[in-house]
Amino acid sequence: DARVMTQNRIESVEVKRPERIRVRLVLDCSGSMSEDRRAVLRQAYVLFTLSLFEFSTMLNQARSNGDVGSEIAVTTQVITFGSYAQEIKPLRTDSSVEAFEAERASAIRAFPALSEPMGTTAGDRALELITQSITEVDKRNIESKKTLDLAFYITDGGADSEEQLAQ
């Protein structure tokens with residue numbers, strides 16, 4: 001007489017979530033961007049920033065209800081480029097409610113800069129700004145998965161010369 005027995009086992013696996021999510025928007029404002037492309041760029045900016053603010057708001061509400069135990073913080077940086085690169089909205093370093101509201105205001109103030117033509121296409125300068133801003137502490141936090149650092153590079157892919165395209 002053979003019997004088949006089963007044993008159900010529940011195993012829990014700890015999932016490491018980042019404590020900080022940094023989203024960097026790198027936006028092409030060079031002369032190769034037509035007005036139609038700039039309109040799409042501005043729409044993408046609005047969608048990204050509103051979505052990330054909504055996500056942050058939902059995290060804050062879940063935390064205040066006790067639904068989320070971790071202190072995940074989301075912050076954005078916006079860099080535009082043309083013949084030069086400029087940071088038009090810095091990363092937020094403080095996690096207070098006041099800093100969160102100031103970040104929203106900063107995102108709104110940055111919007112008009114997306115309409116300013118910035119000359120030739122030199123996107124490598126924007127990426128250099130990001131690289132230079134990453135500290136040794138940031139590198140350790142990224143490697144240990146405490147920080148998730150994302151960059152979205154939005155461009156028409158155009159360049160003013162073959163040399164710039166190669167860069």
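In helix α4, Lys139 and Glu136 lie three residues apart, about one turn of the helix, and their side chains meet in a salt bridge with an N to O distance of 3.3 Å. An α-helix has 3.6 residues a turn, so residues three or four places apart point the same way. Lys139 is partly exposed, with a relative accessible area of 38%, whereas Glu136, at 52%, counts as exposed. The model examined here is a predicted one, and a search of the whole structure finds eight salt bridges.

A further salt bridge that involves helix α4 joins the side chains of Asp138 and Arg22, again at 3.3 Å from N to O. This pair links distant parts of the chain, since Asp138 belongs to helix α4 (residues 136-143) and Arg22 to strand β1 (residues 20-28), 116 residues apart. Asp138 has a relative accessible area of 15% and is buried, and Arg22, at 6% relative accessibility, likewise counts as buried. Both residues take part in a network of salt bridges in which Arg22, Arg24, Asp138 and Asp149 are linked.

Helix α2 provides another charged contact, in which the side chains of Glu103 and Arg92 meet in a salt bridge of 2.8 Å, N to O. Here Glu103 lies in helix α2 and Arg92 in the loop between β3 (85-89) and α2, with their positions 11 residues apart in the chain; both Glu103 and Arg92 are buried. With regard to the geometry of α2 itself, its 14 residues should span 20 Å at 1.5 Å a residue, and the C-alpha atoms at its ends are 20 Å apart, which agrees with that expectation. The buried residues of this helix are Ala99, Phe100, Glu103, Ser106, Ala107 and Ala110. Viewed down the axis of α2, these buried residues fall within an arc of 115 degrees, so they line one face of the helix. The face of α2 turned away from the buried side carries Val97, Glu98, Ile108 and Arg109, which are exposed.

Aromatic contacts were examined next, and a search of the whole structure finds three aromatic pairs. In one of them, the ring centres of Phe48 and Phe152 are 4.8 Å apart and the ring planes stand at 50 degrees, so the pair is tilted. This contact links distant parts of the chain, with Phe48 in helix α1 (residues 35-64) and Phe152 in strand β4 (residues 147-154), 104 residues apart. Phe48 is partly exposed, with a relative accessible area of 23%, and Phe152, at 32% relative accessibility, also counts as partly exposed. Phe81 and Tyr153 form an aromatic pair that is stacked, with 5.4 Å from centre to centre and 20 degrees between the planes. Because Phe81 lies in strand β2 (residues 73-81) and Tyr153 in strand β4, the pair ties together parts that are 72 residues apart in sequence. Phe81 counts as buried, at 0% relative accessibility, whereas Tyr153 is partly exposed, with a relative accessible area of 38%.

On the surface, Val46, Leu50 and Phe111 form a nonpolar patch with about 240 Å² of accessible area together. Phe111 lies in the loop between α2 (97-110) and α3 (123-133), and at 31% relative accessibility this residue counts as partly exposed.

Terms used
Residues are numbered from 1 along each chain as its sequence is written. This is a predicted model: local features need pLDDT of at least 70, side-chain atom pairs count only at pLDDT 80 or more; totals for chains, interfaces and linings use all residues. Side-chain values use heavy atoms; hydrogens and water are left out. Patches are made of residues with over 30% relative accessible area and no salt bridge: like charges are joined within 9 Å, nonpolar side chains (Val, Leu, Ile, Met, Phe, Trp, Tyr) within 5 Å. Accessible areas come from the Shrake-Rupley method with a 1.4 Å probe; for residues, only the protein chains shown count as cover. A salt bridge is a side-chain nitrogen of Lys or Arg within 4 Å of a carboxyl oxygen of Asp or Glu. Helices (H or I, at least four residues) and strands (E, at least two) are DSSP runs, numbered from the N terminus. Buried means under 20% relative accessible area, exposed over 50%, partly exposed in between (1.4 Å probe, protein chains only). Rings of Phe, Tyr and Trp (its six-membered ring) pair if their centres lie within 6.5 Å; planes under 30 degrees apart count as stacked, over 60 as edge-to-face and the rest as tilted. The expected span of a helix is 1.5 Å times one less than its number of residues. The arc is that of the directions from the helix axis to the C-beta atoms.
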